[in-house]
Amino acid sequence: VEERASSDNLSVSQPPFSSDFIAELVKLLGQSHVLTERFDCQAYDSDWTKIPGDAHLVARPGSTAEVSQVLALCSRYQVAVVPSGGRTGLAGGATVKKGQLALSLNRLNRLGEVDRIGRTITVQAGVTVESVHQKAKEFSLTWPIDLASKGTATIGGNLSTNAGGVRVIRYGMTRKWVTAIEAVLMSGEIIRLNDGLEKNNTGYDLLQLLIGAEGTLAVVTEATLKLTKRSTNSQVFFFHVPSLEKLNDLLTHAWAGPFQINAFEFLSQDCLKLVQRNLKRGNNVETDSPFYVLMEVEPFQDDLTTWMEATFEKGYATNGAHGQSPEQQKELWSIREGITESIAQVGPVVKYDVAVPVKSIAEFLNSVRTQYQKTPRQFDLYLFGHYGDGSPHLNLVKQSSASQEAFEASISTFEKELFPLLKQFKGSASSEHGVGVAKKHWVKFSRTPTEMNLFAMIKRSFDPKGLLNPGKIIDLA
Ligand code: MLT
Ligand code: ZN
């Protein structure tokens, strides 16, 4: 909720930028790559959360060397820096407060050649995920991290948030698909980690430490990404599923099926209705079922009829569509990929991308629904997400009749029950969106005080002055 997040202590208070600092920045990058007008800077305020920011100065370096020079300059002037990519994040990790410099990585957009023996590609931080996919496709390869925001989301942001997406059940998260990172420390020093090695057992894994660090330890400027064979024979099912328990049965049945599961995504009836109403997608799907599953598979054999017949005979699904052609598959995927956008059109939304062990997800969601029924509420609950990863998304959307204050009050009441419940299920407060500023209150339900102390020590050892993306993930005392 915007107001709640904005009242957080996001950063140490900063004086306005001095004219000397701005002059030095302009000397480094040229006037056209330093934005000083509020009108030009406001696009850099925040990410998709719309947590309010207030950017007044944006630097747009064009090379790693320039990033290094900008950070060294900021260190000298004690200016806090917020790295900024495609700003599709969902935790406020790119939110810029007054007095902080937004460091846009978008001009670092060099897409390297595909290494066909090592099956990698080296790209700069500002390259979009979709551009990587398009380049890899020329060689029948792919970078298997796939998310609805791929056209805008950049590699720097993906690595910094350890993005998940819709095929984690098959391929895992971003961190599995990176073999080198070039990054710049707040001091301006450039570091190169792992250099593309598949195996490297020489002590602490600093590359992995930077992945998911949300730009609080170093600014990622370039990465070598691992590629894999692009699937060409996938098939997509869109099942109507009568209950959460049947979702579990369907998943168990699918694991035993004659295929590899690429994606096992679920949505509630309300999500489908919103996508149909707001985006006019999936209008031929009957809204008769409490839940739906989009399952993408890669068959080991041509004929899946026997497996499908058993699905309906055993009552795991009551209806379904089977997308075999690329067009049909795209249409079914567009329903799942449209959920976030269609929810955003309704009004203010609070998102929880929690995680629980896969075996507990149905029980957890049933408890959430019971709790939702009990809360005197000013919001509607939309459930969807990565069922097969134990990563459901709970979206609480303000009812149009509710005031902002009443909405926030009922969210607070709901959260007070939700997070202890999550802890009881040994869950995580964020499965994939990260902590940013949005989840800082809730990290303590997933991390011990010892872990939080280690976080602070790690942060200090990379960024002793606390100038790099301050106030994200943790507040330093
Ligand atoms: C998704 O699964 O679609 C993304 O995490 C976006 C969202 O949660 O809204
Ligand atoms: Zn997600």
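This passage describes the aromatic pairs and two surface patches of a predicted model.

Aromatic contacts make a good place to start. A pair of aromatic rings is described by the distance of the centres and the angle of the planes. The structure holds 19 aromatic pairs. In one of them, the ring centres of Phe 266 and Tyr 387 are 5.3 Å apart and the planes meet at 70°, so this pair is edge-to-face, the cut-off for that class being over 60 degrees. Phe 266 belongs to strand β13 (residues 259-268), while Tyr 387 sits in the loop between β17 (379-386) and β18 (391-398). The pair therefore ties together parts of the chain that are 121 residues apart in sequence. Both partners are at 0% relative accessibility: Phe 266 counts as buried at this value, and so does Tyr 387.

A second pair, Phe 419 with Trp 442, has another geometry. Here the centres are 4.0 Å apart with 0° between the planes, and the pair is stacked. It, too, links distant parts of the chain, with the two positions 23 residues apart in sequence. Phe 419 is found in helix α15 (residues 404-424), and Trp 442 in the loop between α15 and α16 (449-462). Phe 419 has a relative accessible area of 0% and is therefore buried. Trp 442, at 12% relative accessibility, also counts as buried, because the limit for that class is under 20%.

Aromatic residues also gather in a group: Phe 237, Phe 239, Phe 259, Trp 307 and Phe 312 form one aromatic cluster.

Turning to the surface, a nonpolar patch of about 350 Å² is made by Tyr 204, Leu 206 and Leu 209. Of these residues, Leu 209 lies in helix α8, which spans residues 206-210. With a relative accessibility of 31%, Leu 209 counts as partly exposed, because that class lies between the 20% limit for buried and the 50% limit for exposed.

The surface also carries a patch of negative charge, where Asp 302, Asp 303, Glu 309 and Glu 313 come together. Asp 302 is placed in the loop between β14 (291-299) and α11 (305-313). At 78% relative accessibility, Asp 302 counts as exposed, since the class begins over 50%.

Note on methods: Residues are numbered from 1 along each chain as its sequence is written. Chains are lettered from A and ligands numbered from 1 in the order in which they are written. This is a predicted model: local features need pLDDT of at least 70, side-chain atom pairs count only at pLDDT 80 or more; totals for chains, interfaces and linings use all residues. Side-chain values use heavy atoms; hydrogens and water are left out. Patches are made of residues with over 30% relative accessible area and no salt bridge: like charges are joined within 9 Å, nonpolar side chains (Val, Leu, Ile, Met, Phe, Trp, Tyr) within 5 Å. Accessible areas come from the Shrake-Rupley method with a 1.4 Å probe; for residues, only the protein chains shown count as cover. A salt bridge is a side-chain nitrogen of Lys or Arg within 4 Å of a carboxyl oxygen of Asp or Glu. Helices (H or I, at least four residues) and strands (E, at least two) are DSSP runs, numbered from the N terminus. Buried means under 20% relative accessible area, exposed over 50%, partly exposed in between (1.4 Å probe, protein chains only). Lys and Arg count as positive and Asp and Glu as negative; His and the chain ends are not counted. The place of a charge is taken as NZ of Lys, CZ of Arg, CG of Asp or CD of Glu. Rings of Phe, Tyr and Trp (its six-membered ring) pair if their centres lie within 6.5 Å; planes under 30 degrees apart count as stacked, over 60 as edge-to-face and the rest as tilted.
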